[in-house]
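Let us walk through this fold from the inside out. The interior comes first, then a hairpin, then the surface.

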Amino acid sequence: MKKFLYAAQVIFLGLFVFTLLASLLQFPGKNNPLAKFDHQKPVYNHSEEYDPSLSGLNSLKKLEQYCDSLFSTIRNETNIDRYEENYANLVSAVISKRFYHGYSYYGFADNYVAVLFSKMTYYGYCAIVMPDDILKYPFAACSQQSIVMMELLKAKGFTTRKISFYGQKSGGHFCFEVFYNNSWHFYDPNMEPDNAVLSAYDRPGIAFLASHPDILTKAYKQHPQSEVLDLFTHYSYGPVNQFPAPRAIVFHKISKVLSYTGWIFFLAAFFLVRRRYKRLINHQYVRNSRVHLPQSEAGSSSSYYPGITAPGT
């Protein structure tokens, strides 16, 4: 037990020092020396509708205010109606320009616990799902762009549901649908289908597009036809108005807190183990220091202990 408690002290002390140092290194942000171990950032391919001037929209609230202001201006100038349809289309266009394609991951500068966990298990665990954190980056993957748009529309009272795609040869994809005008309407801000083609059919849902491959491939004419048909014809719906990644967002919230406070738990554990260790050492010392004197039995005479005589004899 003594060796175990001693080893536990060393481990908890080491973890305390490491987590405290990692927590403090998060404050310099991009100047964190551990940032060199982060995921490599994607490069803009200059073929998407990316607008770097929109990088200031770095929170869901700012994005919502920008879209509201833009929509108000357009409505006043053109007297457009059909709020739900036109607002959703506007937000989709803004999201497409706000990001270029590429996964945004947490790094050692903002959530080192998620980073370490992902390096020991699966790299996707540090792919960001919290909308405000996604908006801190100029790039986002299909699921991340959809999450941002879905959360903005839900905040405005829209009904949404995610759509997961599983191509047999083309990998996976993530989009969503918005419900208005008594039907579901398909949105894909990441792969940027031709809005004119979709609008010509009242921007239908994915069920309609999957059953009309000619319209589907025309909307995605900038992508290989075989890839489009393989990917978009294998899909499943998610729950209505539910956050697309419920477990991931809980993990990210907890890991972000632990990234700044984890050292407290290891420090407390160190002191608890050290206290137990000291008690064990003191107990063994007292036990080993005791002097054991022979005790005479009741009625025994001095002859029972040779060499010991009673006083006065």
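In this predicted model, the largest nonpolar core holds 49 residues. Leu63, Cys67, Tyr87, Val91, Val148 and Leu153 have the most contacts inside it. Several elements contribute two or more residues to this core. The helices among them are H2 (60-78), H3 (83-98), H4 (112-120) and H6 (142-155). Strands S2 (139-140) and S4 (171-180) are on that list as well. Which element gives the most? H6 does, with seven residues.

Val148 is a good place to look at the packing. Leaving out residues up to four places away in sequence, Val148 touches Leu60, Leu63, Ile95, Phe99, Pro131, Ile134 and Leu135. Of these partners, Leu63 is itself among the residues with the most contacts in the core.

There is also a second core, separate from the one just described. This second core has 16 residues, and Leu198, Leu216, Tyr220 and Phe232 are among them. Phe232 leads on to helix H10 (residues 225-232), where Val228, Asp230, Leu231 and Phe232 are buried. What covers these buried residues of H10? The cover includes strands S3 (159-167), S4, S5 and S6 (235-240). Helices H8 (206-210) and H9 (213-219) also take part in it.

S4 thus has two roles to follow: S4 gives two or more residues to the largest core, and S4 is part of the cover over H10.

Now turn to the hairpin. S4 pairs with strand S5 (residues 183-187) in the antiparallel sense, over five bridges. Tyr180 has Ser183 in S5 as its bridge partner. Two residues lie between the strands. Asn181, in this hairpin, takes a positive phi near 55°.

Helix H11 (residues 246-289) comes next. Take three of its residues: Arg247, Ile249 and Val250. Which of them is buried? Ile249 is, because its relative accessible area is 16% and the cut-off for buried is under 20%. Arg247 reaches 77% relative accessibility, so it counts as exposed. Val250 has a relative accessible area of 46%, so it is partly exposed.

What does Ile249 pack against? Setting aside neighbours within four places in sequence, Ile249 is in contact with Val129, Met130 and Phe243. The C-alpha atoms of Ile249 and Ile128 are separated by 8.3 Å, although these residues are 121 apart along the chain. Arg247 gives a second such pair. Its C-alpha atom is 10.0 Å from that of Val129, with the two positions 118 residues apart in chain numbering.

Val250 leads out to the surface. There, Val250, Ile254, Leu258, Ile264 and Phe265 form a nonpolar patch. Together these five residues have about 450 Å² of accessible area. Val250 can belong to such a patch because its 46% relative accessible area passes the requirement of over 30%.

Step back to the whole chain. The chain has 11 helices and six strands. Of its 313 residues, 39% count as buried. How much of the contact network is long-range in sequence? Among contacts between residues at least 6 apart, 68% join residues at least 24 apart. The accessible surface of the chain comes to about 18100 Å². Carbon and sulfur atoms account for 59% of that area.

Terms used:
Residues numbered from 1 in each chain as written. Predicted model: local features only at pLDDT ≥ 70, side-chain atom pairs only at ≥ 80, totals over all residues. Heavy atoms only, no water. Patch = residues over 30% accessible without salt bridge, like charges linked within 9 Å, V, L, I, M, F, W, Y side chains within 5 Å. Areas by Shrake-Rupley, 256 points an atom, 1.4 Å probe, with all protein chains shown as cover. Salt bridge = Lys/Arg side-chain N within 4 Å of Asp/Glu carboxyl O. Helix = DSSP H or I, 4+ residues; strand = E, 2+ residues; numbered from the N terminus. Buried < 20%, exposed > 50% of the residue type's maximum accessible area, 1.4 Å probe, protein only. Core = buried A, V, L, I, M, F, W, Y, C linked by side-chain atoms within 4.5 Å. Contact = heavy atoms within 4.5 Å. Pairing = 2+ DSSP bridges.
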